[in-house]
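Got the viewer open? Let's take a walk through this one together, a few selections at a time.

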Amino acid sequence: LAQVLYDFTAEPGNNELTVKEGEILTVTNQNVGGGWVEAQNSRGTVGLVPEDYIEVKTILIISFVFDLTSLYRALDEIRKLCGIIFRMFILQTGEVGPVWLYPQTQLDCVVADPKKGSKMYGLKSYIEYQVTPNTTNRPVNHRYKHFDWLYERLVEKFACALPIPCLPDKQVTGRFEEEFIKMRMERLQGWMSRMCRHPVISNSEVFQLFLNYRDEKEWKLGKRRAEKDEIVGVKIFSNIDPELPEEQKYEMYSQFTRSMDNSVKELLAVGHLHWKRCTGPLQKEYRQIGKAFQNLSSVFNTSAYPRESTLTEALTATGKTYEEIAEIVAEQPKKDLHFLMETNLEYKGLLGCFPDTITVHKAAIDKVKEADHVVVMNKISQQDKLIMEKNLSTMSYALQAEMNHFHSNRIYDYNRLMQFYLEEQVKFYETIAEKLKKTLGQYTTM
């Protein structure tokens, strides 16, 4: 189905269809090409309409799948009857319970090549990033405000069911400095990679638009469609009919995310202090040790004892080695702690979204609990109560699928993170050990 956005008058002999703003059409062929689609009006007349003059209506379905074959067969029948285009976010049963249906090919993208641009005759400057999805390998350009727009659309559409982590913070001053641009690009990359890994978000129309628009006209039309999208908030839940949820699971999810949030914040605080210590007091201490050894060597040199030189040279080398170690210690956080901190910052943002998501589900449970009393009071019908229970079931399975997605990603992320961190730590200590061994070799065995 499609709604007409603007009036269009057909030209005689061109097989075109005259349409009026607000009219509902059935799209019969979207592959005509040349900026046209074939559509049928309510009177059964078929003709060509400019694709920019209509808005295709997408129906969102969340289904609990017991038999995928039966589901697809049923949807095929519905498509034939209604001519409706479906975008499905499917729940299926897995080993851990309800899970999202993941695509065969994992979507990913690269955020790179930041460039400074300007408009209004150079009065206003901005940084533009190149975003390249692995599905097309065709780059598109986006400013930070476009990422912010995407974030707002995702929150509006999905936040009732899915936690959407915040973007990296905006910054007014220093935003054109090289170090800040690099840091922002890394964090935008992390945010986009996380969104790409979510099967619901990555398959959504607005996310696909962000990655795949072909020109400025398509980008603006797509933005307009996304901003008019009515299937947002709780409307993303469709009807399914599983058993009612267990309330204990909500408490378990709430307790786990709250506890992990506290642990992540603790790790960030400790990491921040360690970084400051490596680049401050610890670096200074190693420098002081190095200087002390070199001072001792200078003193020994004044003894005029003929067999002094081997020891004094070794002491001087030891002092220089500790000065080198001071610089290695100061640089090390950029090699390992940086990745550890950035990943935990991502999770801090993600975990901060769960309380709101879980609150929505708890409120729905409370409403269903009250339903019997409200039915007795004749404020709602028994049918209304059944609809409430079905909606709650959908929300329950969506939350369980989302938590399973979160746990799966968490295990993958932290396993990879800790492997990388410990590998860098091993290299760090091996480098120091090699320098100390080399210095040790300069001393004479007595």
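In what order do the five strands of the open sheet stand? Bear in mind that this is a predicted model. Colour the strands and read across: β4-β3-β2-β1-β5, with antiparallel pairing. Now pick out β4 (46-50) and β5 (54-56): these two stand at the edges with a single partner strand each, so one side of each has no neighbour in the sheet. Turn the view and you'll see that neighbouring strands are rotated against each other, by 45 degrees on average if you ignore direction.

Next, select β1 (residues 2-4) together with β2 (residues 24-33). They run antiparallel and are joined by two bridges. Show the residues here: alanine 2 stands opposite leucine 25, and glutamine 3 stands opposite isoleucine 24.

Stay with β2 and add β3 (residues 36-40). Four bridges hold this antiparallel pair together, and one spot to click is glycine 33, whose bridge partner is tryptophan 36. The two strands make a hairpin with two residues between them, and in the turn glycine 34 has a positive phi of about 70 degrees.

Time to leave the sheet and look for the largest nonpolar core. It has 39 residues, and the ones touching the most other members are Leu150, Leu154, Met192 and Phe207. Elements giving two or more residues to this core include strands β11 (109-119) and β12 (124-133), along with helices such as α2 (144-158), α3 (178-196) and α12 (382-440). Zoom in on leucine 154: beyond its neighbours within four places in sequence, its contacts include Ala159, Ile164, Trp191, Met195 and Phe207. There's also a second, separate core of 24 residues; to find it, select Tyr253, Met395, Leu399 and Met403, which are among its members.

Last stop: helix α11 (residues 354-376). Its 23 residues reach 34 Å from the first C-alpha to the last, close to the 33 Å expected at 1.5 Å a residue. Look along the helix and you'll find a kink of about 40 degrees, centred on glutamate 370.

Which residues of α11 are buried? Select Phe354, Thr357, Ile358, His361, Ala364, Ile365, Val368, Ala371 and Val375. As you look at them, remember that an α-helix has 3.6 residues a turn, so residues three or four places apart point the same way. Finish just past the end of α11, at asparagine 378, which takes a positive phi of about 60 degrees.

Note on methods:
Residues numbered from 1 in each chain as written. Predicted model: local features only at pLDDT ≥ 70, side-chain atom pairs only at ≥ 80, totals over all residues. Heavy atoms only, no water. Pairing = 2+ DSSP bridges. Core = buried A, V, L, I, M, F, W, Y, C linked by side-chain atoms within 4.5 Å. Buried < 20%, exposed > 50% of the residue type's maximum accessible area, 1.4 Å probe, protein only. Contact = heavy atoms within 4.5 Å. Expected span 1.5 Å × (residues − 1). Bend = angle between axes of the 7 residues up to and from the residue. Axes fitted to C-alpha atoms, helices over the stretch in contact; angles between N-to-C directions.
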